[in-house]
Amino acid sequence: MSNELVPASHIRDLLASESTVEDIDSLMRQFFSRRKATTVEAYKKDMEVFALFCGLHNATEAAALLLKLPHGKANLLADRYRTYLIDKKFAPNTVNRRLAALRSVCKLANKFGKVSWQLSVEGVKREQRKEIRALSIEELEQLLATAQQNADPFQRARDVALLY
């Protein structure tokens, strides 16, 4: 039994069936036309990384593969991609943005009737930031006294100004 979700020998057949890659290319153009330039660049990169994960040449082929899979297998592929990104030590925000790109493509495909489902892979929880606190008045007075002792008048003026 193979460990592959979609055997490599079947990927090209799957891409050739039903919707053509040209249909998906049109969908991808539509997808990118609805976003800000910075989002487009980030999502394009994200889809290219997904293509590499799938062993494909470009984002359009990767989107076509994802959209031609049955709902369960599409979720499984996205979940394996999520695991891959986590294993490669990508930051939670990066993992979440890359998964958001996949979910957005599927949502648009659903809207235009290419698929009857939406991707339901979960993002990664971000680590809680450490609690921070303000300096006490005594601590601030100590810093100010230290800054005022600097022999260099320019550094002293800068340091004192930063503390006010």
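What share of the 164 residues of the chain counts as buried? The answer is 36%, where buried stands for under 20% relative accessible area, exposed for over 50%, and partly exposed for what lies in between (1.4 Å probe, protein chains only).

The model is predicted, so that local features need pLDDT of at least 70 and side-chain atom pairs count only at pLDDT 80 or more, while totals for chains, interfaces and linings use all residues. Residues are numbered from 1 along each chain as its sequence is written, and side-chain values use heavy atoms, with hydrogens and water left out.

## Overall organisation and confidence

The chain holds eight helices and zero strands, both taken as DSSP runs (H or I of at least four residues for helices, E of at least two for strands) and numbered from the N terminus. In terms of pLDDT, the predictor's confidence in each residue on a scale from 0 to 100, the chain has a mean of 86, and 86% of its residues reach 70 or more. Among the elements, helix H1 (residues 8-16) has the lowest mean pLDDT, 59, whereas H5 has the highest, 95. Where pLDDT is low, the predicted coordinates should not be read in detail.

With contact defined as heavy atoms within 4.5 Å, 62% of the contacts between residues at least 6 apart in sequence join residues at least 24 apart. The chain exposes about 11000 Å², of which carbon and sulfur atoms supply 52%; accessible areas come from the Shrake-Rupley method with a 1.4 Å probe, and for residues only the protein chains shown count as cover.

## The nonpolar core

A nonpolar core is a set of buried Ala, Val, Leu, Ile, Met, Phe, Trp, Tyr and Cys residues joined through side-chain atoms within 4.5 Å. The largest such core has 40 residues, and Met28, Met47, Phe50, Leu66, Leu67, Leu102 and Leu119 are the ones that touch the most other members. Two or more residues are given to this core by each of helix H2 (21-33), helix H3 (37-54), helix H4 (59-68), H5 and H6, and H6 gives the most, with nine residues. In soluble globular proteins, nonpolar side chains tend to be buried together.

Leu66 illustrates the packing in this region: apart from its neighbours within four places in sequence, Leu66 is in contact with Phe50, Ala74, Leu77, Leu102, Cys106, Trp117 and Leu119. Leu119 also appears beside Asn75, a residue of helix H5, since Asn75 contacts Leu119, Ser120 and Val121 once neighbours within four places in sequence are left aside. Asn75 counts as buried because its relative accessible area is 16%. The C-alpha atoms of Asn75 and Ser120 are separated by 6.3 Å, although the two residues are 45 apart along the chain.

## Salt bridges

A salt bridge is a side-chain nitrogen of Lys or Arg within 4 Å of a carboxyl oxygen of Asp or Glu, and a search of the whole structure finds four of them. Three are listed here.

| Salt bridge | N to O distance |
|---|---|
| Asp46 and Arg97 | 2.8 Å |
| Arg98 and Asp46 | 3.0 Å |
| Arg158 and Asp159 | 2.8 Å |

Both Arg98 and Asp46 are buried, and salt bridges that share partners join Asp46, Arg97 and Arg98 into one network. Asp46 counts as buried because its relative accessibility is 1%, whereas Arg97, at 31%, counts as partly exposed. In the bridge between Asp46 and Arg97, distant parts of the chain are linked, with Asp46 in helix H3 and Arg97 in helix H6, 51 residues apart. Away from this network, Arg158 is partly exposed, with a relative accessible area of 47%.

## Surface features

Leu135, Leu140 and Leu143 form a nonpolar patch on the surface, with about 250 Å² of accessible area together. Patches are made of residues with over 30% relative accessible area and no salt bridge, like charges being joined within 9 Å and nonpolar side chains (Val, Leu, Ile, Met, Phe, Trp, Tyr) within 5 Å. Within this patch, Leu140 lies in helix H7 (residues 137-148) and is partly exposed, with a relative accessible area of 36%.

Lys89 belongs to the loop between helix H5 (71-87) and helix H6 (92-111). Lys89 counts as exposed because its relative accessibility is 72%, and this residue has a positive phi of about 65° although it is not a glycine.
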